[in-house]
Amino acid sequence: MIFSHILSGSILAGTGVGVFWHFFQRVSIYNRLLWGFFLLTVSLAALIGIFHYAGNESLEPLHRSMVVLADSLGVVCAVVGVWGLLYRRVYSITTFITTMLFGLFVFILLLLPEVRVFTPVVPSLAILVLMLLAVFSLLQRNKRGLWIVLAAMMMGLATKAQSLESFFHPTDFYHYASALALWFFGKAAER
């Protein structure tokens, strides 16, 4: 049992649910569903991680799969959700279904043994796209872009948690940085 991982995982899971509940209630339905899939896949991966770190080793494969789901379907939903948030797009069911199918395709692709090595590339590419969207939004004087820049920066720091091992345990740093990124996404949705 690793108490610090359980605590940081609980904070991440609670932040994901709380941000979705507090900040995304006034967003249109399909936009909200996209944000929900992003936030709740991250929260679900953290929740399963809590039980894994509490000593239930049999949940380790499920935890890894949920992290891949959050890093594939979740980030695809986040990129499309950020586009809608920054450029005030109200999505239809067609956009929602297309995004979900593409995200699930990426998830299934990343589960293949030959493609598994590219798993860290997907969130990094999504962070780059989020940063570009936010910068272009800032050039148009959209203040929400600043929150997206901060969220993308925190997501980027979270992906580099392994290099901060001497300062913080990488798992805890990843959880705390991700929780802060989710909160920044929520602030971007606030009116």
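## A tour from the surface patch to the core

Start by selecting Val117, Phe118, Val121, Leu125, Leu128, Val129, Leu132, Val135, Phe136 and Leu139: together they make a nonpolar surface patch of about 960 Å². Keep in mind as you look around that this is a predicted model. Within the patch, click on Phe118, which is found in the loop between H4 and H5. Phe118 is partly exposed, and its relative accessible area is 48%.

**Into the core**

Next, select Phe24, Phe38, Val82, Ile148 and Phe185. These are the residues with the most contacts inside the largest nonpolar core, a set of 58 residues. To see where the core draws from, colour these helices, each of which gives it two or more residues: H1 (3-23), H2 (29-53), H3 (60-86), H4 (93-111), H5 (121-139), H6 (144-159) and H7 (170-189). Which helix gives the most to this core? That is H3, with 13 residues.

Now centre the view on Phe185 and show its surroundings. Setting aside neighbours within four places in sequence, you will find Phe185 in contact with Phe24, Trp35, Phe38, Val82, Leu130, Ile148, Ala151 and Met155.

**A buried acid in H3**

Move on to Asp71, which has its place in helix H3. Is Asp71 buried or exposed? Asp71 is buried, yet it has no salt bridge. If you look for a partner, the nearest side chain of opposite charge is that of Arg64, 12 Å away. Display Val122, Pro123 and Tyr174 as well: Asp71 touches these three, not counting residues up to four places away in sequence.

**The salt bridges**

How many salt bridges does a search of the whole structure find? It finds two, and both make good stops.

For one of them, stay in H3 and select Glu60 with Arg64, whose side chains meet in a salt bridge with an N to O distance of 2.7 Å. Glu60 and Arg64 are four residues apart in helix H3, so about one helical turn separates them. Check their surfaces too: Glu60 is partly exposed, with a relative accessible area of 27%, and Arg64 is partly exposed at 48%.

For the other, select Glu190 and Lys187. Their side chains also meet in a salt bridge, at 2.7 Å from N to O. Here the burial of the partners is worth a look: Glu190 counts as partly exposed at 37% relative accessibility, whereas Lys187 is buried, with a relative accessible area of 19%. The cut-off matters for that last label, because buried means under 20% relative accessible area.

Key
Residues numbered from 1 in each chain as written. Predicted model: local features only at pLDDT ≥ 70, side-chain atom pairs only at ≥ 80, totals over all residues. Heavy atoms only, no water. Core = buried A, V, L, I, M, F, W, Y, C linked by side-chain atoms within 4.5 Å. Buried < 20%, exposed > 50% of the residue type's maximum accessible area, 1.4 Å probe, protein only. Contact = heavy atoms within 4.5 Å. Lys, Arg positive; Asp, Glu negative; His and termini not counted. Salt bridge = Lys/Arg side-chain N within 4 Å of Asp/Glu carboxyl O. Patch = residues over 30% accessible without salt bridge, like charges linked within 9 Å, V, L, I, M, F, W, Y side chains within 5 Å. Areas by Shrake-Rupley, 256 points an atom, 1.4 Å probe, with all protein chains shown as cover.
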